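Work through the exercises below with the sequence and the model open. Each task is followed by a solution in steps.

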Amino acid sequence: MSATKPRVYIVDDDAAVRDSLVWLLGAEGFNTQPFACAKDFLKNAEVRSGECALFDVRMPETGGLELLRKTVKRHPQLPVIMISGHGDIQTAVKSIKHGAWDFIEKPFDDRVIIKAVRSAIAEFVDGRHSTSAIQKFKSSISGLTRREYEVYQLVVAGMTSPEIAKHLCISTRTVSAHRASIKAKTGITSVAQLIRLSVQINN
Amino acid sequence: MEFRQWVDQSPTAAFICVDSRICYANQAAAQLTGYTLEQLLQLDPAELISPNKKTLAESIDTQLHEGASKPFSDEIQITTAQGENRWLHTTHCAITHENSSAMLMTAIDITDLKQAREHLSERRERATMALECAAEGFWEWDLETGAAEFSDRWMESLGYRNKAVVPTIEFWRSLVHPDDIKLAQLRLESHISGESDAYECVYRLRTQTGEYRWTRDHGRIVRRNSNGVPTGVIGTSTDLTEQMRTQSLPRQTQNRMALKSDLLQTLFNATPDLIFVKDRQSRTLLCNQAFARAVGKKPEDMYGRTDLENGWDPTEIHGDPSQGVRGYLDDDRDALAGQPTFDRRDVVHIDGVKRIFRTHKLPLADSDGQIVGVLGLSRDVTELEKISDQLRRSESNYRALVQDTAIFIARFTASFEVEFVNDAFCKAFDIKPNDLVGKTFLHLIADDQRDDVVASLRGLTPESPVQINENEVILPDGTRRWHRWTNRAVFDKKQVLTAYHAVGEDITHRKMSEQTLQESYDSLEAKIAVRTADLTRSNESLRNEIAVRQGVESSLRKSERLLKVIAHTIEDVCRITDISNQRVLFVSNSYEEIWGRQVDDLYSDPRAWTDAIIKEDRQRVIESFARLREGKSYDQEYRIMRPDGSIRWIRDRGSSLAPSGDATQEVVGIAQDVTQFKQFESELHARGVALAHLSRVSTVGQIASEVAHELNQPLTVIANFASGIRPRISGTEHASDIGKAIDRIITQCMNAKELTRRIHRFVRQDTPKREPFAVSRVIANASEMVLSNARQNDVQIVLDTSNSDDVVIGNALEIEHVIINLMINAIESMTRLVDQPRILTVHQKNEAEHVTVSVCDTGIGVGENLRAKVFDSFFTTKDAGLGLGLAICKTTIEEHGGAIWIEENGSGSIFSFRLYKQ
């Protein structure tokens, strides 16, 4: 991995965003390959292991989610990170369920995206977390209280804190407290990761 | 000489009786009674009288023998030699003949008149009475209060018109001659107690000047209270004074005249028939009193003059030879040539009143057999014609009600063989009555419902003879329609089922509205707090209404008069109005149910109909009613207010039966309670409004959301470029200062992102529910929403959908929105087409993992250079478009994890989207 720079595919219809990602990831030591549309990527990308892809959700013709489905089928070894201008939790849940590694909202803190790319390349094995990571997550889930487990299940179902509060008839602040506790016990900080792991331990 | 000839040839039967034996009878008398002349001369006149009328015969005898001084007319019933019962109008006159008492009687067969009158009164008692009131004096008594009403004519004939009198029965009694009051009282009581079918009496009434006038009353009970006790009598009065006077005349002169001549002269003048004799030059030689009275002249004034000189209408005299129309003179000529003419119908206006006569003309021969003139006999048939006309009209009215109504009417036997179906029924099934009459109708009912219908018909009993069915029927082309039938079983006296009367209507429209409404509630539930309470209430009112209607049905008294039953069974209000006199001739009972007012009140005040209409609608309806006079029909919807303050919607249609300009204009109207339908309509409208509101709200949300997204793009670019600078400058001179600046840039970008996020969250507060739904149903809903738009633009919508395995996960309302959007775009793309088919097709393709929907038009297409841009925000080709419709569609579909794209199809475009099942 250290010998060759790991390759990152970028698929976004917006040239400025594409260029900025090339600029950002290039500075962090990645080999970037940008594509303007899904068709172009599916046709020309020569995917190998140890690589990663960034897909914009919203694109004309074939959208990001369509591209994700096709990519997961064609290149199961390639981790995909979805990036979206719509911080829509439903789309995030759907993406993860369809096999995306992570889901990041635009615009992003450089540290967040670089961390996500790095972890995708390091940890993604055949579209799954490493077995040890899943085992670790499983045991941490069993350490949740009953209420925390309820909240966890609603979070991975795609609900926001106010929605969970309404659903469980508790205050939003109590929900936030439960979520903080879940974060502490599992060590998982992003909702996307949480969802992905929850999908995997259920499989 | 002429008299003898006339008497022998007269169509009026004439008898002379001496000592209870008939000593003279003419040929007409023989014909009338069915006996030969020889047999008649052997007969006791009392034997002629029908057995059940013996009392009447006795009273005639008594009057003749005891009273002896007063001639009178009466109506009696006789039995002919063949055993037939016939009604006669007789005029009796007592005379002295060779020192013995003799009775002179002329008789006219009025059986037909009687029958017609009975027939009519059976059907329309009120109308008959009202009709008679037009011809004669008319009165109405309220037996409960003693109040009475007398027509102007009645008051006038006695000189009380415009005099201050209180119209009561007591007032009438005070006018009756003291000698007659007992008889009148007796006759009246015998009718009220039920002994006689009608109240009839000949008596004298005192006029205002103190004279007495002979009057014949004819009346009948028209109202009874709930216990069956008579409360109202309506009757007519005929002034007989003139008739009596001419009958008295011969008695004054009998000493001076020879017996035969005297008798015949009496007969000549006493007969109500009109008799005249003309010479070869058509000059009037002789005429009787009845003739003179009928034309309003004195006999002497007419002698020696031609018809023209006597003031007859020249066109009637000469006819119109060019049109082959005969005049009086043509008849005269034929009679003079030895050719009798019969049954000529003469219309004569006397003092502005139309009278109709039937005239026979016979050649008049002298003793040598030479034809010297014309003998004419006329009878006033105005009343008879009026009644028969009335009867014909009433039948045609009912026929119009039965045949012209949109309501189906049928009658079938206990074994379900059809006996009668009306036009509406035949039209609905596209068959001829003969295709069905004598056969069963069961094959018209949908297979799965036939047994239920048969079972419910079989279940009818004399106690519960009415039942309402809603079932589907199958038309010849295979389509199914919903019908609602009210079936009434008819039982005979032995409680044996004889037939069914069925009244039905097509309620497919209503059923569909109900269904659509139901579906709309389902789909609206997702977004809007549904007014469940409304639906419950509307269902309840529907149930209540059916219950009330069933109540009305069963309360309808069983009647053998089919047409009346039908008119009353129909839920709609049928009415017949005479608009020239502003009278209501008939209104069906459902008026009471729908209007909440009494039928009798409408009869007495026809304006009650328009008074019930609410103010906003009234003037418009009155104007449309007024146009009936020009022969125009009307079709109006309006609201009425019932006495309890509730509002009903009425659809009222009507048309005139007579051609415009006719003196009497009868109008048949059918008024339908469409309140329920209107409610459905407004519910549908409300649904449309709710959806439109939803569309607006979500459009505003989408705009904000779009703006937020568009802002995020440059923010991302700024943050990424800034971030990318940091590693590149590490270790250089200003790395620390620039790094701080870059941090500030990134922080500001993140703040801006937080702002757009909040906007996005705000407009997307309610995350739409994702549930399984059937795509085909959503397409059906969407196409219904754009249907009116399509119709306005003459676009034909073709749905190619399939409901097998087409369930996807998502928000049905949002997808409906997408389809509506695509369909409206498609319609708009075709509005500029000229002389080309405008067809909008929605295809649906169900595959293993997903469902694809394509909206195709035959419009102008998008053009290759624009195709890539159509889904972009703020891109539009419309003048007033915002360029968000397709962008929103794309967002919606992508949020569902699906895809949307555009293709070209010859000239038009195809917009397709795909939704996944999981």
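**Exercise 1.** Leaving aside its neighbours within four places in sequence, which residues is B:L329 in contact with?

*Solution.* The model is predicted, so local features need pLDDT of at least 70 and side-chain atom pairs count only at pLDDT 80 or more, while totals for chains, interfaces and linings use all residues. Residues are numbered from 1 along each chain as its sequence is written, chains are lettered from A and ligands numbered from 1 in the order in which they are written, and side-chain values use heavy atoms, with hydrogens and water left out.

Step 1. Locate B:L329 in helix α16 (residues 328-336) of chain B; helices (H or I, at least four residues) and strands (E, at least two) are DSSP runs, numbered from the N terminus.
Step 2. Apply the contact rule, heavy atoms within 4.5 Å. Beyond the excluded neighbours, B:L329 is in contact with B:S282, B:I317 and B:H318.
Step 3. Check the separation from B:Q281: 48 residues in sequence, and 9.8 Å from C-alpha to C-alpha.
Step 4. Classify B:L329 by relative accessible area (buried under 20%, exposed over 50%, partly exposed in between; 1.4 Å probe, protein chains only). Its relative accessibility of 22% makes B:L329 partly exposed.

**Exercise 2.** Compare the backbone and exposure of B:S282 and A:C169, and find the cis peptide bond at A:P107.

*Solution.* Step 1. Recall that most residues other than glycine have a negative phi, and most peptide bonds are trans.
Step 2. B:S282 has a positive phi near 60° and sits in the loop between β11 (274-279) and β12 (284-287) of chain B. With a relative accessible area of 8%, B:S282 is buried.
Step 3. A:C169 has a positive phi near 55°, in the loop between α8 (161-168) and α9 (172-186) of chain A. A:C169 is exposed, at 69% relative accessible area.
Step 4. The cis bond joins A:K106 and A:P107, with omega about -15°. A:P107 belongs to the loop between β5 (102-105) and α5 (110-123) of chain A.

**Exercise 3.** Describe the pairing and burial of strand β18 of chain B, then the burial of helix α33.

*Solution.* Step 1. β18(B) covers residues 466-474; seven of its nine residues are buried, so the strand is largely enclosed by the rest of the structure.
Step 2. Two strands pair if DSSP finds at least two bridges between them. β18(B) runs antiparallel to β19 (residues 480-491), and nine bridges join them. One bridge partnership is B:N469 with B:W485.
Step 3. Five residues lie between the strands of this hairpin, where B:G478 takes a positive phi near 95°.
Step 4. In helix α33 of chain B (residues 885-895), 10 of the 11 residues are buried, so this helix too is largely enclosed by the rest of the structure. After α33(B) comes B:G897, with a positive phi near 80°.

**Exercise 4.** How many residues of chain A are in contact with chain B, and how many salt bridges are counted between the chains?

*Solution.* Step 1. 37 residues of chain A are in contact with 41 residues of chain B.
Step 2. The count is two salt bridges, by the rule of a side-chain nitrogen of Lys or Arg within 4 Å of a carboxyl oxygen of Asp or Glu. One salt bridge links the side chains of B:R914 and A:E66 (3.9 Å, N to O).
Step 3. For the side of chain A that touches chain B, α1 (15-27), α3 (64-74) and α4 (89-97) each supply at least two residues. α1(A) gives the most, with nine residues.
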